[in-house]
Amino acid sequence: EEEGMWCLGVCVPTSRRFWAMDGIEDTPRLDVAHTKPDCDAKEKALPEPPSLATDKGNCCVLFWMLSSLEHERVSAETLVRFHEQIQSCVEFFGASVLMHDAVSGLIQGREIRSENMTPEDATLRLGQFLCRWAIEQTPHFGLRLGVHTGDLNVVRLPKTDVDGFFGAAYKRARELASSAQRDCMVHVSRSSKDRLSALETIPLMISPNRESYLLDALTEVPEDEESQPCFKSGRTFEDVDAVVKGDKQKMSMEEFCEMLNGNNVDMNAFGKENYKTIEEFYDDVVLKEKSHLVDTGGTFERVVPLLRVSLRVVDSAGRLRELRIISTTGKDGAELKRNQQLGLVLTIEEAKNWRKAVESCFVDKFNFSGEDQKKCLDVDHSSYVTKEERMASETVPSIASVYKSHNVVIHVKDKENATLSCIGLPECKDFKTWKAGVEYDWRWSAVGTLSKEDELMQTLESNGIDMTAWSAEAFAQLYTEVHESGTATLEKKDNVLLRTMRIVKIWVHAAILTHDHVLVMKMKVQNGKSDERDKGKPVSMQMVGNDWEANMQDGLFRRLGMAPDLQERFLRVDSSSYKFSEEMANSRSFPGLKTVYLINEVTVHVTDPTHPDLHFLGLPDGNDFSFARMEAAKVIPSRGARGHRSSVGAGFVFTHWCWTYTSDAIPVKIHQKPSFSDSKLKSTTEHKRPKLRVPAPEDLMEGPSVSNPLLARLMENQTTDWDRAHNAAQRICDADYSCKDYFQDITAAFPELRLYVFGGSISSGRTPDDEYQRTIGALFAVYWLMRQSGTGKESFCFGLKDDDWVKPRTPEDFTDGEFSEVTTRKTFWQSANWERIVSLFTDAGLLLENGRHDPERTLAMLVLMAIHDVFKVTALLPVVEDGVGEFSGYKVGETISDHDIALSYILEHHPSCLPSFDGLLPGQKESVRFTHSKIDYNMGWLVQAEAPPGALFKAFKKVVISGAAKSKDIAFYFVHWFVDLAGAEPYPLEGCEKFVLKFPLKVLQQFLDSFSIVNSLGTGSSETNVYENYIRWRWANHTPSLGDLPQDSSAIALMRLVIMAQGDSLKIVKAFGQLEDVDRHILSTELAITGVAGQSFSCCSGDHVSAGPALLVYYAPALMQKAGKHDPLATMRVLAEVLRKARKLWELQPHHAGDHTTVRIDHLKERDIDKLLRPNHSNMWVIQRCSGCDGTVKQVAVSTVATIDWTTHLVLEFMPKAKGR
C-alpha cells in the first residue's frame, strides 16, 4: 500500500477461490489463490512477487464471467449446472481449464487438426456453446465471454500448489468479457478473428470501436461445401481421348445431327438469332476441326483451342504498345466491337504445338513468313501460360463453350524493318486487313490502358480466380457492381482478393392475430427457375453508398413495392435495433472469389396491420403474397472467342414472401451437445413431395354488352346449378358423400368460383390460382368441420390421400423429411378443442342440437365462402355510381379498392351479378350481408384485454343494431372468419395448414373461447357487460386458480393486466398488490373507463366512469409479456406512468365519455425494463399528443429539449421516487 503497488481485497472464503489483483498502470495483473484469510494482513508486508515465471508462448484463451445482474440473482444450483456444461464443452473441444472459481474462469483452446480448426476456431465455437446454454435458461443466464490470442505466462504462487496466469492473452480476454455490451455473445479480438480458419466465414458483428467482434449464440456454423475452398481439376490440352468423333472416317452430317439429338441439344435453335446454322457448326467441328465436343454425361461441352498473342513494341516516345483488333465489319456491313489481342482459333492438332501455332498465326493474319518472323519478332518463352474459360456459348445453343487458350508475349525487335509496314510500323499507326470479305481494324494500344473489362479480367486472373465455373451472367454482374452501380469494390488484403459490398437487411415486424410476426422470403422465381436458397431471409438489398436509411427506404420499395408515403404512414423504424456487422464468405455467384459483406441490419414495425392500404402485404391475416419486379438486362463485356457485348438476364423476378412467427425466424435451434458444425446436428433433409392443389376451373368468357361493367359481362350468361348446390348443402354430413363428390358439386354449382382465375392483378399479391385454391380450402374447411363424427377432424389435420380424396392421410403417407410436420399435425389433432368448434357451428345455426344440420343455412355459408374474395381480382372492382351516392367513404366515380366493401356494394346494389347469392332465401341473404359489413372488430384486442369496451365493440354493436342481426348472425360471422383463415394456405388437399402448422394452439383456443361471449352482443347485452363477462370468465377458468373473483374498484384493472400478460399470472397478482397506492389507483381508474357513454363496470363508480376519453395503450400486452415476465412490478409502474401523463394531455370530460384515445408505446415495448429504470443523462422518454384521438411514447435526446413543443409533450418519469426518511 505504501509503495502504491498493490491493492488487495480480502474476504473469508468457504472454498478455494482465485482473486485478480489489480496493480497500478503498467503493472502486470496476477491471479493468486487464497486458501484461508490472513487476519494479520495489515501488520505484514505483502509477499514478494514470485521470482520464476514460465512463458506458455502464444495462446488463444477464453475468459468468462457473470454479468453484474447475474451475480445478484444466480443460485448455487444454476452455477453447478453451468460448470457441468463447461466441463462437457472443454472435454469435447480438447481445451484446458487454466483457472476458475464459481463466477469466472480462464480456458485455453487447442488446435483440432481432424476438423481443420485452429485454436481460435475451437475456442470461439466452445464459447458459442456456453452462450447457447445460457440463453436456454429461464431467465437467460447472464454470461460474458472474451477471446484473445497473445502471450500467456504462468507462475507458481508461493507456498501453494496453484498456478497463476498473466500476460497479454489473459489481460485482453478479461477486458473483452467485462466490456461486452451484451450478454451471451462471444467478444473476440481482431487478432483471434484473423486466425480463424474453419470458421473464417462465420458472420460476426463489429463492435463500435471496430477493434473487436461479437459472435451471436444463434449464428449457424455451417458444414457447407460452398464455404470451403474448392479446386476444379480441369482437363489438360492433351485430354482429347473423350472427343466425340470418328477415327479416320469423319462422321456424316446425319450422324452428327443424330449424336446431338441423343444428348439433349436443342436442334431447333440452330440458325436463329445469333446462333450458327447446323451446317456451320458441322463444318466447324467435323470438317475443319476448329472445335471439338466432349461428352460430360448426358450432354456436351464444346472445347475451343485458342492462341492469344500479346504483340508489343516500344514507340518513338518510349511507351509500350500492344497490337489489338478493335472491330470487324462483315459482308453485310454490320460492325462488331472486339478490343482483343491478336488471336487464332486452333485445330486439335495445332493446339498440340503452340510454337508452331504462333508461326501459323502470323502467316494467317499478316502473311509473314517464318524467316520474316525470326528477323523481326522475339518470342518471350517465359511468358507462356495456359488458361481455361467456361461460359454459355453465344453461337451454339444448349452447349457450353470451354475456351482453352495458349497465351504468350512477343516483342518487335526491329520495328524499322520494311516487312512490318503492313502492320503500321514503325509509326504505330492504325491499319486494316481483309479476309473472306471481312474487314479487320487494328490499333497499337498503349499497354496499361486496358478497357475496364480487360482490367477486371486481368485482376481476377492475376489473383488466381478460376472463372471456368462462372455463369455467363456472373462476369457481367461483377462488372456492373464494380464499374457501373458502384455497389461493390475489389481490393487485395493479406494477398487475398476480396469483393466488398454493403447490404441492408430489413426485418419487417407486424402484430398478426396478437402475435409478433416477421416477413421473410419464401422463394424467388427468375427466368422460369425457382430458387429457395434465400428462404427465411428478410428483405435485403445491395446498398449504393453508405446511407443505410435511404437504402432501407429504397429496398422496401424495390423489394415489396411499398412506396415512401406508405412507409411514412405505416412503418416505424426501431433505431435502437440497428447493428452493423461483417461477414466473409465464398461467393455463391462468383465461385472462388471471397466476399466481405458489410451488413446494415434494422428492424421496422408495421404500426397499423389492419389498415386496408396494406392488403398487398398479406395483412391483416398474415397471408403469403408475391411481388414482381423487372430486372434490367446485364451487358456481358468481352469474353471468350468473340468478345463482343451481349445482353442477358432481362425479365421479371417474382419473389414470394410469407409472414412467420418471430420465434420461428431464429436461424438455428439451440443444442446443448457440443459439435463442430450445426449442420451435423440436423437430420438429413429428405426430398419433400410437392404440395397438392385441386384442378383449376375454365375461364369465363365475356358477354357482348361492352357498356356493362366487366363483372356483369362475365356473369351475363352464367347461372347457378341449384340442384348441385342443394345437393352439396344437403349431403355435406353424409358418410358416403366424399370430399371429391363435394368438390365436383360446388365447382359445378357456383359460377362465381371461375372469377378467381379470370387473370390480371390480384390485390393480395398472390396469383389468381392461389386465390382460387385458398377459396376451395375454406370450403373444404366447412365440409370437414361439419362432419367431425366421421373423418372430418383427421382430414382437417392431415389432408387427403391424393388418389381418391376419400380417406385422410396417415403418418405413413408422409416422407421422412416431413417427420416434424407430422408431429405438429398429430399434436393439433389430439389437443384442439373440437367441441368448442362444434359449439360455434351450432351457435351459427349450421349444426343443430339433434345432431343434424340446417341445409339452407349451410348453403348460405357455402355461397358466402365462394364469393367472399372475388374482388381481390382488381379488374372486377366496381365504381360508385351516380344513383348511389357516397358508399362507405367512397365518392361517386371512385373505384372501391377495398375488396370487402366492393363485395358489400355489389350485394346491395347489383346482387344479380352474383347469381348464387341472388338465389338465396331473404333471411340467409341478410346473414351474408351482415358478415360483410364493416364492423371494425379486432379480435386480438379482446383476447388480450388491450382495448376498452368502447373501442372494441362500439362499431360492432352499431352494425348489430342497424341490421337487426341476431346472435346466430354474429356466430355466422365468426364461422366465416374461422374457415377463411383455416384455408389460407393454397393447398386444400393438404388439410388446413394455416391452423394446424402455423398457428399457436393456445391463441386459437382463446379465439374460440371468445366467440360465444361476443355472441351475446346480439341478445341486447351492452358492450361493457359483454366485456366484463369475458374477463371474469377468463379469471374464473384460469389454470392454476387465481382465487375468488376480485370485487373492489381495482378488479377490472387486475383482471385486464392478468390477461394482457398471458402468463405468470400469480406473479402479476402479487406485484399488483405491492404497487404504491398512487400507481395502483391510476391503473384501477384508467383501465376501468369504458369509452361508452352511460356505461360502467359493475364494480366501479365515481365521476370518472361517466367521462372520457378512455385510453387504449396500444401494445400494452406486448410490454406486459416481455418486460412483465422479467419484472412485473416495475412494468406496471411504467404503465401507470404512461397512463398518468396521458390523462394530463387528454383530460376527462363528460362530453367525451363515448370516445377513446390510442396511445402507442411501440418504442417502449422493445426495451429492457432494467434500462428503462436506469438513469440516462443523454436521452429521456416523453409522451406526445399527436391529435385529439392519438398519441405516442418516444425517446428523445436531452440536447433537443429546446426544440420540443411542451404544450403537446410531457416527460415520463419511470424511476421510482425516493422515499423520505
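Which residues touch the most other members of the largest nonpolar core? They are Tyr742, Phe796 and Leu1083, in a core of 205 residues. Helix α27 (residues 967-982) contributes the most to this core, 11 residues in total. The model described here is predicted.

**Overall build**

The protein chain has 1221 residues, and 51% of them are buried. It holds 37 helices and 34 strands. Sequence-distant contacts are frequent: of contacts between residues at least 6 apart in sequence, 69% join residues at least 24 apart. The chain exposes about 56100 Å², with 49% of that supplied by carbon and sulfur atoms.

**Cores**

In soluble globular proteins, nonpolar side chains tend to be buried together. Phe796, one of the three residues named at the start, illustrates the packing. Beyond four places in sequence, Phe796 touches the aromatic residues Trp784, Phe828, Trp834 and Phe995, among others. Its other partners there include Ala781, Leu785, Ala982, Gly991, Cys992 and Val996. A second core stands separate from the first and has 42 residues. Leu79, Phe82, Ala122 and Leu124 are among them.

Gln773 sits in helix α17 (residues 768-785). This residue is buried, at 0% relative accessible area. Outside its neighbours up to four places away in sequence, Gln773 touches Arg693, Val694, Pro986 and Pro988.

**Aromatic pairs**

A pair of aromatic rings is described by the distance of the centres and the angle of the planes. The model counts 37 aromatic pairs. In one of them, Trp548 and Tyr578 have ring centres 4.6 Å apart and planes at 15°. That angle is under the 30 degrees limit, so the pair counts as stacked. Trp548 belongs to helix α12 (residues 548-560) and Tyr578 to strand β24 (residues 571-586), so the pair ties together parts that are 30 residues apart in sequence. Trp548 is buried, at 14% relative accessibility. Tyr578 is partly exposed, at 28%.

Ring pairs also build a cluster. Its members are Tyr737, Tyr742, Phe743, Phe780, Tyr783, Trp784 and Trp805. Two of these names recur from the core: Tyr742 touches many of its members, and Trp784 is a contact of Phe796.

**Strand β16**

Strand β16 spans residues 400-412, with Val412 in it. Val412 is buried, at 13% relative accessibility. Leaving aside its neighbours within four places in sequence, Val412 contacts Leu311, Arg312, Val313, Cys376, Leu377, Leu420, Leu425 and Trp444. Leu425 is 13 residues from Val412 along the chain, and their C-alpha atoms are 9.8 Å apart.

Asn407 is also found in β16. Its relative accessible area is 10%, so Asn407 is buried. The Asn407 side chain makes a polar contact of 3.0 Å with the side chain of Ser405. Farther than four places along the sequence, Asn407 touches Arg308 and a run of residues comprising Ser383, Tyr384, Val385, Thr386 and Lys387.

**Cysteines**

How many disulfides does the structure hold? The count is 0. A disulfide is a covalent bond between the sulfur atoms of two cysteines. For Cys60, the closest cysteine sulfur is in Cys59, 8.8 Å away. The cut-off is 2.5 Å, so this distance is too far for a bond. Cys60 is buried, with a relative accessible area of 2%. Cys733, in contrast, is partly exposed at 29%.

**Backbone features**

Four loop sites carry notable backbone angles. The table lists them.

| Site | Angle | Loop |
|---|---|---|
| Leu619 to Pro620, cis | omega near 10° | Pro620: between β25 (594-606) and β26 (625-631) |
| Thr1039 to Pro1040, cis | omega about 0° | Pro1040: between α30 (1023-1036) and α31 (1051-1061) |
| Asn367 | phi near 60° | between α8 (354-366) and α9 (370-376) |
| Tyr1115 | phi about 80° | between β30 (1110-1114) and α34 (1116-1126) |

Asn367 has its positive phi without being a glycine. The same holds for Tyr1115. Are these two residues buried or exposed? Asn367 is exposed, with a relative accessible area of 65%. Tyr1115 is buried, at 9%.

Conventions: Residues are numbered from 1 along each chain as its sequence is written. This is a predicted model: local features need pLDDT of at least 70, side-chain atom pairs count only at pLDDT 80 or more; totals for chains, interfaces and linings use all residues. Side-chain values use heavy atoms; hydrogens and water are left out. Helices (H or I, at least four residues) and strands (E, at least two) are DSSP runs, numbered from the N terminus. Buried means under 20% relative accessible area, exposed over 50%, partly exposed in between (1.4 Å probe, protein chains only). Contact means heavy atoms within 4.5 Å. A nonpolar core is a set of buried Ala, Val, Leu, Ile, Met, Phe, Trp, Tyr and Cys residues joined through side-chain atoms within 4.5 Å. A polar contact is a pair of N or O atoms within 3.5 Å; within protein, one must be able to donate a hydrogen and the other to accept it, and residues adjacent in sequence count only if both atoms are side-chain atoms. Accessible areas come from the Shrake-Rupley method with a 1.4 Å probe; for residues, only the protein chains shown count as cover. Rings of Phe, Tyr and Trp (its six-membered ring) pair if their centres lie within 6.5 Å; planes under 30 degrees apart count as stacked, over 60 as edge-to-face and the rest as tilted.
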